[in-house]
Amino acid sequence: MITFDREWPADSLLLDSLLDRAFGPDRTNKSSYSLRSASNALTDLSIMARLDGELVGSVQFWSISIVDMLSEYSLPAVLLGPLAIDPDLQGQGLGSELMRRALKMLDLGGYDRVLLVGDLEYYRRFGFERVMPRYISLPGRRDADRLLVRERKDSLKSLPIVGRLEIAPCVADADFAA
Ligand SMILES: CC(C)(COP(=O)(O)OP(=O)(O)OC[C@H]1O[C@@H](n2cnc3c(N)ncnc32)[C@H](O)[C@@H]1OP(=O)(O)O)[C@@H](O)C(=O)NCCC(=O)NCCS
């Protein structure tokens, strides 16, 4: 039976192993990895899928800011990823289930914008669209064309036309909705 809960400190090695299986051992060379560090992981928001207790799926979140290059105004946001499903269980709807649960939680929590680096073909179904033609640079200046965003339509502030993505220090959830 598949169950869902959050990430716990004891999951660290199991999570590494799952990510290696899903993405391959060179996964840490991907640009999205350079955006993340343990200090800003929003572990309360993470969702782990377990099959009879074994970790088989995960989605994690990170605290980021989008800084307007003209005004230097800083907009809080959440970076989603990695989303990973054990190769033995891919294509059976588990990734979609994790995404649905994650986005519902973010919506209920009042998070206005979620960004990720990934394939539009997969994430479009969950309401993501390309950040381009707005240009948001990433640390290392890689993969900006794969940067996707899901913004609440009633959000008072939207992404700047030209900006940069920065790692934000860990903040309390209540401070994060904008
Ligand atoms: C991508 C991933 C998370 C999807 O989870 P999943 O449980 O396998 O996917 P689901 O069963 O929910 O959805 C399957 C659908 O997604 C599509 N899909 C899967 N990966 C895709 C991709 N990278 N681009 C476009 N479509 C994709 C499948 O073709 C299938 O389409 P269909 O519904 O029209 O048949 C999972 O396959 C995985 O972990 N892959 C390796 C790591 C990875 O690439 N992570 C995402 C980074 S972009």
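Q: What is the mean pLDDT of the chain?
A: This is a predicted model, in which local features need pLDDT of at least 70, side-chain atom pairs count only at pLDDT 80 or more, and totals for chains, interfaces and linings use all residues. Residues are numbered from 1 along each chain as its sequence is written. On the scale of pLDDT, the predictor's confidence in each residue from 0 to 100, 88% of the residues reach 70 or more. The mean pLDDT of the chain is 88.

Q: Over which residues does pLDDT stay under 50?
A: Two residues are in contact if their C-beta atoms, placed from the backbone, lie within 7 Å. The model has 13 contacts beyond four places in sequence for the stretch in question. The stretch where pLDDT stays under 50 is residues 171-178.

Q: What pattern does the chain follow along the sequence?
A: Helices (H or I, at least four residues) and strands (E, at least two) are DSSP runs, numbered from the N terminus. The chain has five helices and nine strands. Along the sequence they follow the pattern β-α-α-β-β-β-α-β-α-β-β-β-β-α.

Q: How many bridges join β2 to β3?
A: Strands pair if DSSP finds at least two bridges between them. On one side, β2 pairs with β1 (residues 2-5) in the antiparallel sense over four bridges, and Phe-4 stands opposite Ala-49. Between β2 and β3, Leu-51 has Glu-54 as its bridge partner. These two strands run antiparallel, and the bridges that join them number five.

Q: Is Asp-52 buried or exposed?
A: Asp-52 lies in the loop between β2 and β3 and has a positive phi of about 50 degrees although it is not a glycine. Most residues other than glycine have a negative phi. A residue is buried if 20 or more other C-beta atoms, placed from the backbone, lie within 10 Å of its own, exposed if 12 or fewer, and partly exposed in between. Because Asp-52 has 8 C-beta neighbours inside 10 Å, Asp-52 counts as exposed.

Q: Which element supplies the largest share of the largest nonpolar core?
A: A nonpolar core is a set of buried Ala, Val, Leu, Ile, Met, Phe, Trp, Tyr and Cys residues joined through C-beta atoms within 7 Å. The largest one has 38 residues, and those with the most contacts inside it include Val-78, Leu-79 and Leu-80. The elements that give two or more residues to this core include β2 (47-51), β3 (54-68) and β5 (113-117). The largest share, seven residues, comes from β4.

Q: What is the omega of the peptide bond from Gly-81 to Pro-82?
A: Pro-82 is found in strand β4. Most peptide bonds are trans. The bond from Gly-81 to Pro-82 is cis, with omega near -5 degrees.

Q: What separation do the C-alpha atoms of Phe-23 and Pro-82 have?
A: Phe-23 lies in helix α1 and counts as partly exposed because it has 14 C-beta neighbours inside 10 Å. Leaving aside neighbours within four places in sequence, Phe-23 is in contact with Pro-82 and Ala-84. Phe-23 and Pro-82 are 59 residues apart along the chain, and their C-alpha atoms are separated by 9.3 Å.

Q: Which residues come nearest to the ligand?
A: A residue is near a molecule if its C-beta atom, placed from the backbone, lies within 6 Å of it. The elements that each supply at least two residues of the shell are α1 (12-23), β4 (74-85), α3 (94-108) and α4 (120-123). Of the 16 residues around the ligand, those that come nearest are Gln-90, Gly-95, Ser-96, Gly-118 and Glu-121.
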